[in-house]
Amino acid sequence: MFPAKYGLFPYVFLIYLCMPAYYMAGTTGWRLITGYGLLLLFLVTYRQLYNSPNNKTFTFWLIIQVGIIMILAIFYNLFNIFLGFFPANFIGWYANKKIFNRALILFAIAIISPIFIHSDHLFSEGNLTLLVFVAVMLISPFGIRSMNSKMELEKKLDEANEQIKELVKRDERMRIARDLHDTLGHTLSMITLKSQLVGKLLSKDIEKAKIETKEIERTSRSALRQVRELVSDMRAVTVAEELIEVESILQTAGISFQLFGDPKLEEVPSLTQNILSMCLREAVTNIVKHSNANNCSVHLIQEEGEIVLEVEDDGIGLVNQGKQGNGLKGIHERLALIDGSVTIHSRKGVQLVITIPIIVKEAKAGVVS
């Protein structure tokens, strides 16, 4: 009935239709049929406003909805004016400031008109609290518009960040391709030419062919060395190496650092170490930026079948560290690649516990568990 991205919110709002339906039950005949028909049309406008493809269609259904509220408030019951919270929400969806102001002014006129018409009834029965709700109704579109603008800005920022990531990946791929071409292109071309030369010399000059064969071997070894150098530049960072960098970062920030456990992790695969290093870096970056901590400790615990990394600080805790969302999301995404998990405890400071399963090799039996 409503777009899935809005969740249950549109359905919760339907509860407010119970009140006008109750008021309508007190009428009879054509008045009753017309009233329920208008409520049904109001429900249609409500659905269509969530599904309108453009501003013109959206405005069309909004005008009908406000018109129904005016009719129900003037000719049935003044308290039907509470239905105005429905269009108040939708008016806040206008991104264009000029259109928003125009819609709000027209909406205010439409809502205030029934109050003027029934002013005697309003003051005689002491229902002045209705005016408070009308004021809230007219103010709420500003808050909704501000919230929608913020959400739209965050969406654009996320899209921009994704584009930046893609550009970084593309730039890295181009760099690797360029390095491979510049490093190996010439060498492999030489090997190809010398191989062709050997093929021709085999039937004419065996000794010279042997010399060229050795030259091909020397050139291929040179190419292999170049590949190793290239891979070495892109190699993964070990936990031990990252801890040296972490200690330097914390000392620069004036935060005391303590390490517990063996950082070598010789039995842990390179991929696991690299992901663990990136998670450690993200955790420490959050501590430096947001925690106001004086001390930080890292515990490395190797157990059978898993490795546990604990990063703890004595800062202000997670409650006031609202900017950590993206960093923690990144840690979750990285750990998902190797079936790892992370738990966070926030009391006096923050304790981040990362658990990663590892393959344990039984050397004697030659069995992997």
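The following exchange introduces a predicted model of a protein through questions and answers.

Biologist: How many helices and strands make up the secondary structure of the protein?

Modeller: The model is predicted. Its chain has 369 residues, of which buried residues make up 35%. The secondary structure comes to 12 helices and seven strands.

Biologist: What share of the contacts with a separation of 6 or more is made by residues 24 or more positions apart?

Modeller: The protein exposes about 23100 Å², and carbon and sulfur atoms supply 60% of that area. Turning to contacts between residues with a separation of 6 or more, the share from residues 24 or more positions apart is 65%.

Biologist: In what order do the five strands of the open sheet stand?

Modeller: The sheet is open and its pairing is mixed. Strand S1 (256–260) and strand S4 (341–347) each have a single partner strand, so one side of each is left without a neighbour in the sheet. Neighbouring strands are turned by 10° against each other on average, direction ignored. The order is S1-S2-S3-S5-S4.

Biologist: Do strands S2 and S3 run parallel or antiparallel, and which residue stands opposite Val-298?

Modeller: Strand S2 covers residues 295–303 and strand S3 covers residues 306–313, with eight bridges joining them. The two strands run antiparallel. Opposite Val-298, in S3, stands Val-311.

Biologist: Which residue of S5 stands opposite Glu-306?

Modeller: S3 and S5 are joined by seven bridges and run antiparallel. S5 is mostly covered, as seven of its nine residues are buried. The residue in S5 opposite Glu-306 is Pro-357.

Biologist: How many residues lie between S4 and S5 in their hairpin?

Modeller: S4 and S5 run antiparallel and are joined by seven bridges. Within this pairing, Thr-343 stands opposite Val-353 in S5. Between the two strands of the hairpin there is one residue.

Biologist: Which strands does helix H11 lie across, and at about what angle does the helix run to S3?

Modeller: Helix H10 (residues 239–252) lies across S1 and S2, running at about 160° to S1. Helix H11 (residues 270–291) lies across S2, S3 and strand S5 (349–357). The angle between H11 and S3 is about 10°.

Biologist: Which residue forms a salt bridge with Glu-242?

Modeller: The closest N and O atoms of this salt bridge are 3.0 Å apart. Glu-242 lies in helix H10 and its partner in helix H11, so the pair ties together parts that are 39 residues apart in sequence. Glu-242 is buried at a relative accessible area of 3%, whereas the partner is partly exposed at 37%. That partner is Arg-281.

Biologist: By about how much of a helix are Glu-207 and Lys-210 separated?

Modeller: The structure holds two salt bridges, and one of them joins the side chains of Glu-207 and Lys-210 at 4.0 Å, N to O. Glu-207 is exposed, with a relative accessible area of 52%, while Lys-210 counts as partly exposed at 47%. Because the two stand three residues apart in helix H9 (residues 206–233), their separation is about one helical turn.

Biologist: Is Asn-292 buried or exposed?

Modeller: Asn-292 lies in the loop between H11 and S2. Its phi is near 55°, a positive value in a residue other than glycine. With a relative accessibility of 60%, Asn-292 counts as exposed.

Biologist: What is the relative accessible area of Asp-339?

Modeller: Asp-339 is placed in the loop between helix H12 (325–336) and S4. Although Asp-339 is not a glycine, its phi is positive, at about 60°. Asp-339 is exposed, and its relative accessible area is 64%.

Biologist: What accessible area does the nonpolar surface patch with Tyr-16 have together?

Modeller: Tyr-16 lies in the loop between helix H1 (9–13) and helix H2 (18–24). Tyr-16 is exposed, with a relative accessible area of 52%. The patch is formed by Met-1, Leu-8, Tyr-11, Val-12, Ile-15 and Tyr-16. Together these residues have an accessible area of about 660 Å².

Terms used
Residues are numbered from 1 along each chain as its sequence is written. This is a predicted model: local features need pLDDT of at least 70, side-chain atom pairs count only at pLDDT 80 or more; totals for chains, interfaces and linings use all residues. Side-chain values use heavy atoms; hydrogens and water are left out. Patches are made of residues with over 30% relative accessible area and no salt bridge: like charges are joined within 9 Å, nonpolar side chains (Val, Leu, Ile, Met, Phe, Trp, Tyr) within 5 Å. Accessible areas come from the Shrake-Rupley method with a 1.4 Å probe; for residues, only the protein chains shown count as cover. Helices (H or I, at least four residues) and strands (E, at least two) are DSSP runs, numbered from the N terminus. Buried means under 20% relative accessible area, exposed over 50%, partly exposed in between (1.4 Å probe, protein chains only). Two strands pair if DSSP finds at least two bridges between them. Axes are lines fitted to C-alpha atoms, for helices over the stretch in contact, and angles run from 0 to 180 degrees between N-to-C directions. Contact means heavy atoms within 4.5 Å.
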